[in-house]
Amino acid sequence: MKTQRYDRQLKLEGFGPEKQQLLNQAAVLVIGAGGLGVPVLQYLTAMGTGKLGIVEYDTISITNLQRQVLYHTSEEGQPKLQTAIRRLQQLNPEIQFIAHDTWLTPENALDIIAGYDVVVDCSDNFGTRYLVNDACVILNKPFVYGAIHKYEGQVSVFNYKGSATYRCLFPEQPEPGAMLNCSDIGVLGILPGIIGSYQANETVKIICGIGEPLSNQLLTIDTLYNTHYTFRITPVPGNHNITALQDSYEQPCDTGGVKSLTVQQLQEWLEAGRPLQLIDVREADEWEVCSLEQALHVPMRMIGGIIPKLQRDVPVALLCHHGMRSLMVAQQLDAAGFPFVYNVEGGIHAWACEIDEEMNIY
Amino acid sequence: MRVLLFGIAKDIAGKPVITVDGVNTVAELKSYLYKTYPRLEQLRSLMIAVNKTYAGDGQVLQASDEVAVIPPVSGG
């Protein structure tokens, strides 16, 4: 450890070398490298957290940049995970980064979380939040919660030394569709920076044992009117007795329904070899004219037959001629509960025009 | 009784504060809220805090209590 880097915290009364060493020895898992995850990762990296795991599968979109300030305009379409790690390594090469190139699912959650001391929930959907809660309760890991809505944020430390859990506040997931369309609510760029910074602060506090963590408390912050409330909460008996994860935590609204994939993004995904189930739903005569070698050919009217064979935790991308038929199939898969459904915008025609000029066009 | 609304509850009611009279317990307050704003019921989980402390359904309300309605929030 190069002590000069941490000089200002080493000389801070109440922190010092002993607390710094605790931080250097800690393993923290950050779930999501988006609005909340970016400030959490930046501060935990800068301050010298020994091991930082990141769970992220998304790519950088231009609409992310007003709040996810780690990423650059030129990185649009790149995977967040590798981009974040590259930049964070430049910030502090002493940190060991562990890349979890996946979404968190009931299949992988326990294995991933088991290797860490503290979990920071920076996800953006209820399904993941309840999954994080249940997995952390099962593994007896504290987790630092942050969530935002418009100009408001919530912060808490759950499951810390027997403290209240997320389900003690909100026992059940909201009905699908009860919230406004998740991606359309909007957010001011600063808010996740504030709430994420609080999460990073709480994480450092519980690792180092300083101050009073927000366990058994819910902090709410309204950034328009500068109101801060701290609500007292208490553990609800039974909520620490979870012994197994649910089979599924999926929620249609959480995933924003069907997501769009540009042909450029599709090309990047294919070239990067990311797990993807690409399905071309055109008719046989169209498939004869042109096709992508990575695609599975399943004409639209046959789609019902292959639904049971598709893997639910691997993204599915639908492709057709111009993107209309594939959208209908994508909506069908979304309604069937597939969590990661993408429609290739503009279809194979866009691919022929923008990616592969030698491809036949019809 | 003044009831402060947070998050999406504020959006659903269209205002940050409502006045509720004639409810004696948290359970009655929730029934009133669900009847007046049916979309709140779809949230399934709705935290009620009385005087800045989590309140279960059976808690008795006084006119002087400061009540807050805190819905779940998913954004990140």
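**Entry 1: Glu107(A) and its surroundings**

I looked up Glu107(A) and found this residue in the loop that runs between strand E3 (96-100) and helix H5 (109-114) of chain A. The model I am reading is predicted. I noted a relative accessible area of 53% for Glu107(A), and I record the residue as exposed because the cut-off for that word is over 50%. On the surface, Glu107(A) belongs to a patch of negative charge, gathered together with Asp247(A), Glu250(A) and Asp313(A).

**Entry 2: Salt bridges**

I searched the whole structure for salt bridges and obtained 18 over all chains. I then examined some of them one by one.

In chain A, I found Asp58(A) in a salt bridge with Lys80(A), with 3.6 Å between the closest N and O atoms. This pair links distant parts of the chain, 22 residues apart: Asp58(A) lies in the loop between strand E2 (51-55) and helix H4 (80-91), and Lys80(A) lies in helix H4. I asked whether each partner is buried or exposed. Asp58(A) is partly exposed at a relative accessible area of 26%, whereas Lys80(A) is buried at 3%.

Next I looked between the chains. Glu152(A) and Lys10(B) meet through their side chains in a salt bridge of 2.8 Å, N to O. I traced this pair from strand E6 (residues 152-158) of chain A, which holds Glu152(A), to helix H1 (residues 7-13) of chain B, which holds Lys10(B). Glu152(A) is buried, and its relative accessible area is 11%.

In chain B, I found Glu66(B) paired with Lys52(B) in a salt bridge, the closest N and O atoms being 3.4 Å apart. The two are 14 residues apart and link distant parts of the chain, with Glu66(B) in the loop between strand E4 (53-54) and strand E5 (67-70), and Lys52(B) in the loop between strand E3 (47-50) and E4. I recorded Glu66(B) as partly exposed at 32% relative accessibility; Lys52(B) is also partly exposed, with a relative accessible area of 32%.

I closed this search with a network of salt bridges that links Asp7(A), Arg8(A) and Lys11(A).

**Entry 3: Annotated regions of chain A**

I consulted the UniProt record, an unreviewed entry, which marks residues 21-44 of chain A as "transmembrane region". In the model, I found this span to be 50% helix and 21% strand, with its end C-alpha atoms 14 Å apart.

UniProt, again in an unreviewed entry, lists "domain: Rhodanese" for residues 272-360 of chain A. I noted 34% helix and 16% strand over these residues, and a separation of 25 Å between the end C-alpha atoms.

Definitions and conventions. Residues numbered from 1 in each chain as written. Chains lettered and ligands numbered in written order. Predicted model: local features only at pLDDT ≥ 70, side-chain atom pairs only at ≥ 80, totals over all residues. Heavy atoms only, no water. Patch = residues over 30% accessible without salt bridge, like charges linked within 9 Å, V, L, I, M, F, W, Y side chains within 5 Å. Areas by Shrake-Rupley, 256 points an atom, 1.4 Å probe, with all protein chains shown as cover. Salt bridge = Lys/Arg side-chain N within 4 Å of Asp/Glu carboxyl O. Lys, Arg positive; Asp, Glu negative; His and termini not counted. Charge placed at Lys NZ, Arg CZ, Asp CG, Glu CD. Helix = DSSP H or I, 4+ residues; strand = E, 2+ residues; numbered from the N terminus. Buried < 20%, exposed > 50% of the residue type's maximum accessible area, 1.4 Å probe, protein only. UniProt positions renumbered as here; feature names shortened; annotations may be inferred.
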